[in-house]
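Colleague: I have some questions about how labels were assigned in this model. Please set each value against its cut-off.

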Amino acid sequence: MIRSLRYRAIVWIRGTSSISLLDELRNWQYQRPEILTQRQQDSLQDYFAELRHSVSLFSHIKRFEDLPVHDKRFIIEHCD
C-alpha cells in the first residue's frame, strides 16, 4: 500500500502519465485478438507516417515493409 502511494506521488510530482498508461495496458490484456491486431496495425501506421514526415530520407517510401535495413554500410552511405 505504501509503495503504491509512494509511486503515485512520484508520478504526480514528475507530471507523467504512467499510471493511466499502466491502467490502459492492463485493460488491453482482456481485449479480443482482433482488436489488439487492429490496434497494432494502427500504431504501426502512425509510427510510419511520423517517420516519413520527420526523416526526409524516408519520405519517398510508400510502405513500412519497404524501409531499408539499417546496417553499418547503410549508415556509412547515408551519414550526413
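Modeller: Let's start with leucine 57. In this predicted model, leucine 57 touches Phe74 and His78, leaving out residues up to four places away in sequence.

Colleague: What makes these touches count as contacts?

Modeller: Contact means heavy atoms within 4.5 Å. Phe74 and His78 are listed for leucine 57 on that basis.

Colleague: Where is leucine 57 placed?

Modeller: Leucine 57 sits in the loop between helix 3 (33-54) and helix 4 (72-77).

Colleague: Why is leucine 57 called partly exposed?

Modeller: Its relative accessible area is 33%. Buried means under 20% and exposed means over 50%. The value for leucine 57 falls in between, so leucine 57 is partly exposed.

Colleague: How far is leucine 57 from aspartate 23 in space?

Modeller: Their C-alpha atoms are separated by 37 Å, and the two residues are 34 residues apart along the chain.

Colleague: Now phenylalanine 74. Why does phenylalanine 74 count as buried?

Modeller: Phenylalanine 74 has 13% relative accessibility. The cut-off for buried is under 20%, so phenylalanine 74 is buried. This residue is found in helix 4. Beyond four places in sequence, phenylalanine 74 touches Leu57, Phe58, Pro68 and Val69.

Colleague: Which residues make up the largest nonpolar core?

Modeller: There are five: Phe48, Leu51, Phe58, Ile61 and Phe74.

Colleague: What makes that set a nonpolar core?

Modeller: The members must be buried, of a nonpolar type on the list, and joined through side-chain atoms within 4.5 Å. Phe is on that list, and phenylalanine 74 is buried at 13%. So phenylalanine 74 meets the type and burial conditions.

Colleague: What does phenylalanine 58 touch?

Modeller: Setting aside residues up to four places away in sequence, phenylalanine 58 touches Leu51, Arg52, Leu67, Pro68, His70 and Phe74. Leu51 and Phe74 belong to the largest nonpolar core, as does Phe58.

Colleague: Let's turn to helix 2. Why is tryptophan 28 called partly exposed, and not buried?

Modeller: Tryptophan 28 has 24% relative accessibility. Buried needs a value under 20%, and exposed needs one over 50%. Neither holds for tryptophan 28, so the label is partly exposed. Tryptophan 28 lies in helix 2. Leaving aside neighbours within four places in sequence, tryptophan 28 is in contact with Leu36 and Arg39.

Colleague: And what makes leucine 25 partly exposed?

Modeller: The relative accessible area of leucine 25 is 40%. That lies between the 20% and 50% cut-offs, so partly exposed applies to leucine 25. Leucine 25 is also found in helix 2 (residues 18-28). Leucine 25 and alanine 9 are 20 Å apart, C-alpha to C-alpha.

Colleague: Now the chain as a whole. How many helices and strands does the protein chain have?

Modeller: Four helices and zero strands.

Colleague: How do you know that the protein chain is more spread out than a compact globule?

Modeller: Its radius of gyration is 19 Å. The globule rule gives 12 Å for 80 residues. The value is well over that, so the chain is more spread out than a compact globule. The C-alpha atoms fill a box of roughly 55 × 35 × 20 Å along the principal axes.

Colleague: What share of the 80 residues counts as buried?

Modeller: 9%. As for contacts with a separation of 6 or more, residues 24 or more positions apart account for 0%.

How values were computed. Residues are numbered from 1 along each chain as its sequence is written. This is a predicted model: local features need pLDDT of at least 70, side-chain atom pairs count only at pLDDT 80 or more; totals for chains, interfaces and linings use all residues. Side-chain values use heavy atoms; hydrogens and water are left out. Buried means under 20% relative accessible area, exposed over 50%, partly exposed in between (1.4 Å probe, protein chains only). Helices (H or I, at least four residues) and strands (E, at least two) are DSSP runs, numbered from the N terminus. The radius of gyration is taken over C-alpha atoms; the globule rule is 2.2 Å times the number of residues to the power 0.38.
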